[in-house]
Amino acid sequence: MYTADEKRYDTMRYNRCGRSGLKLPVVSLGLWHNFGDFSSYDNMKQMCFTAFDHGITHFDLANNYGPEYGSAEKHFGLILKEHLSAYRDELIISSKAGYDMWKGPYGNWGSRKYLIASLDQSLKRMGLDYVDIFYHHRMDPETPLEETMGALDQIVRSGKALYVGLSNYDGETMKRACEILTDLKCPFIINQNSYNIFNRTIEQNGLKQAARECQKGIISFSPLAQGMLTDRYLNGIPDDSRIKTDGRFLNQEKLAPHIEQIKKLNDIATKRGETLAQMALKWVVKDDDVTSVLVGASKPQQILENLKVMEGTGFSEEELKMIDEIVGV
């Protein structure tokens, strides 16, 4: 039977999420990859134990994480039941709905029908009465924003979520959503978006500035650009890499234009006494706008390496300028 490390809170840093009362660890664990039906259940357990033993209290899921859809929630629910149930009140568990989940017109996007039904399914898979944060996973160009936000409000009022968040929204739409949720007195506290040295979308679409103005948190996913911002591809493509074993989110065509940039960024990291991954994670949380960074992992050791984001020094203006020049910003 698993017993958590007594010193699990000694070294982790926790950041307040916007103006809310909730704090998140600077590093959170994302279950997007490596928690599906084709992954080792024992390895999943060890990654969760390693994370929690080092103060990572936040575990992030979505309805369709797998493969197959729902399998990440199912496996995490089993880990909760068998090993982590005694620590439920120390955990922040989040899930989402907004992408394709089941067949027909009610298993996608942002209708009240879909969001509420999807969360009910997620709770059953995880064996939970509530999630701590429930996100709408992406903007819906057809459903009125008032309906989607009203569904999030109803979910909180029903006791099935404590807080709500928005994922993959742009700045303008997030501000409109924030106004609706504020009028409803719904506890909207966080935005989840892809953000890394290569992907500056939230700087370009106004989300980062809007979150600051509305005093909402940001949690970054894909901070290592699906593994490109690591030393994994400096000398070719390993046989066990995601490019060769999966290819859905990173392939050779996406990687090729970045190889020289990766080598130059690695040179900066080496001069800083860091790995490229450590520098890339530190870059994401370099200012107060980003509350937490979501890391994925395929083995426990990677989680331990990612925790080194809290070590070392910040960036000089010269280093930040060099990074921007390398990636063409």
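1. Two strands pair here if DSSP finds at least two bridges between them. Helices (H or I, at least four residues) and strands (E, at least two) are DSSP runs, numbered from the N terminus. With that in hand, the main thing to look for is a closed barrel of eight strands, S3-S4-S5-S6-S7-S8-S9-S10, with parallel pairing. From one strand to the next, the twist averages 30°.

2. A word on the source: this is a predicted model, where local features need pLDDT of at least 70, side-chain atom pairs count only at pLDDT 80 or more, and totals for chains, interfaces and linings use all residues. Residues are numbered from 1 along each chain as its sequence is written, and side-chain values use heavy atoms, leaving out hydrogens and water.

3. For one pair of strands, try S7 (residues 161–167) and S8 (residues 188–194): they run parallel and are joined by four bridges. Valine 164 stands opposite phenylalanine 188 in S8. Helix H4 (residues 145–157) packs on the sheet and touches strand S6 (131–136) as well as S7; contact means heavy atoms within 4.5 Å. The direction of H4 makes about 155° with that of S7. Axes are lines fitted to C-alpha atoms, for helices over the stretch in contact, and angles run from 0 to 180 degrees between N-to-C directions.

4. H4 also packs against helix H5 (residues 171–183), at an angle of about 55° and with the axes 10 Å apart. The two are therefore oblique to each other (under 35 degrees is roughly parallel, over 145 roughly antiparallel, 65 to 115 roughly perpendicular, and the rest oblique). On the H4 side the contact is made by Leu145, Glu146 and Met149, and on the H5 side by Thr173, Arg176, Ala177, Ile180 and Leu181.

5. Lysine 96 deserves a look. This residue is found in strand S5 (residues 92–97), and at 0% relative accessibility it counts as buried (buried means under 20% relative accessible area, exposed over 50%, partly exposed in between, with a 1.4 Å probe and protein chains only). Not counting residues up to four places away in sequence, lysine 96 touches several residues, among them Asp60, Asn63, Phe134, His137 and Gln192.

6. Finally, helix H11 (residues 276–284) is mostly covered, with nine of its nine residues buried. Among these are Lys282 and Trp283. The cover includes strands S9 (217–221) and S10 (292–295), along with helices H6 (201–204), H10 (259–272), H12 (300–306) and H13 (317–327).
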